[in-house]
Amino acid sequence: MPKNIILDLDTGIDDALALAYALGSEELNLIGVTATYGNVLVGDGARNDLALLELFGRPDVPVYLGEPHALAKDDFEVLEISAFIHGKNGIGEAEVPDAAAGVQEQSAVDFLIESVERYGDDLVIVPTGAMTNIATAMQRSEAFARNAHIVFMGGALSVPGNVSPWAEANINQDPEAADYMVRHGRDVTMIGLDVTLQTLLTYKETGAWRELGTPQATLLADATDYYIRAYDTVAPHLGGCGLHDPLAVAVAVDPSLVQLLPINLKVDTEGATRGRTIGDETRLNEEEKTSRVAVAVDVERFLEEFMARLSRVARGEAVGA
Ligand code: BDR
Ligand code: CA
């Protein structure tokens, strides 16, 4: 039986790769995409989700509009660095036509709450942008906080952040939301920079997609080449682009790809370390650990899985297409 999954995306080039990873996975049943903000405005993210789902042959997957800004703010503007890494349109200025379908009437937060009520342990939620939708669902529904199984991309435990020495981009968008999520969630897995900066893609792999010549492959190659070029500028020592968001989906499919440290997490919300993910000293001696943080990854096996699944989508053979 495939596992039900909801992706909460700020699409975003690596979010697009995460979407493709899910659509290339026979083990997963994508029941919906909830849009958040970060790499792009929430509306632009939803637009990209709909367009990509149509391109990948799955226009039946519903997309829900999420919260437009952080809990403690009343608006949101895309950071210059985000636009540099993902392009103004979020997908590296690659062109994909608007989808025929629009977003659902139901809000992302209501859909998240209802889905956990309905599927319980048969659902995993993978947030890969700002954690605002997830925290809002937890604030509105204690049952959601108690029962949701979450694998999120964000944070950095053993390495510095990528927007400041302390903060990773997704956590930095809304530290209060991320803090609420890790303090109130009962099953939260963190896939942070500790592992995602070890999983890199290069022009060699995008070249293989390009040779397939399908519209799906061309879009994936164009967007990812833009992302690799941005990484070549901001982090040339890496020699490729970080597969942040797809790794979170991969771990939702197969947790044995990473080594997990059980821990009670918190997020600093004050002072210079605002946005830092770290152990909560007030829960250090509690027996129950509500989070797990990935501290090591089987890079070779993940990259094999990634290429197998992405190539399936690139050939126009997404699961259920
Ligand atoms: C995370 O930030 C976003 O820019 C990426 O899509 C990824 O989710 C990496 O820090
Ligand atoms: Ca993202």
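Good morning. A cavity, as the term is used here, is a set of grid points where a 1.4 Å probe fits but cannot get out. The structure before you is a predicted model, and by this rule it holds one cavity of 30 Å³ or more.

I begin with that enclosed space. The largest cavity contains about 40 Å³, and its lining consists of I13, A16, L17, L52, I91, L219, L220, A223 and T224. Two elements, α1 (13–23) and α11 (215–234), give two or more residues to this lining. Helix α11 gives the most, with four residues. By class, eight of the lining residues are nonpolar, one is polar and none is charged.

I turn now to the open spaces. The largest pocket encloses about 390 Å³. It is lined by 27 residues, and I85, N162, A169, Y231 and H244 are the closest to its centre. Which elements each supply at least two residues of this lining? They are α1, α3 (80–86), α7 (169–173), α11 and α12 (244–253). Here α3 gives the most, with four residues. The lining divides into 13 nonpolar, nine polar and five charged residues.

The second largest pocket has a volume of about 220 Å³. Of the 15 residues that line this pocket, K3, V124, H149, V151 and D187 lie nearest its centre. At least two lining residues come from each of β4 (123–127), β5 (150–153) and α12. This lining comprises eight nonpolar, two polar and five charged residues.

To close, I return to the helices: α11 supplies at least two residues to the lining of the largest pocket and four to that of the largest cavity. Thank you.

Key:
Residues numbered from 1 in each chain as written. Chains lettered and ligands numbered in written order. Predicted model: local features only at pLDDT ≥ 70, side-chain atom pairs only at ≥ 80, totals over all residues. Heavy atoms only, no water. 1 Å grid on protein atoms, 1.4 Å probe; cavity = no way out; pocket = protein on both sides within 12 Å on 5 of 7 lines; lining within 4 Å. Points joined across faces, edges and corners; volume = space filled by probe spheres on them. Nonpolar A, V, L, I, M, F, W, Y, C, P; charged D, E, K, R; others polar.
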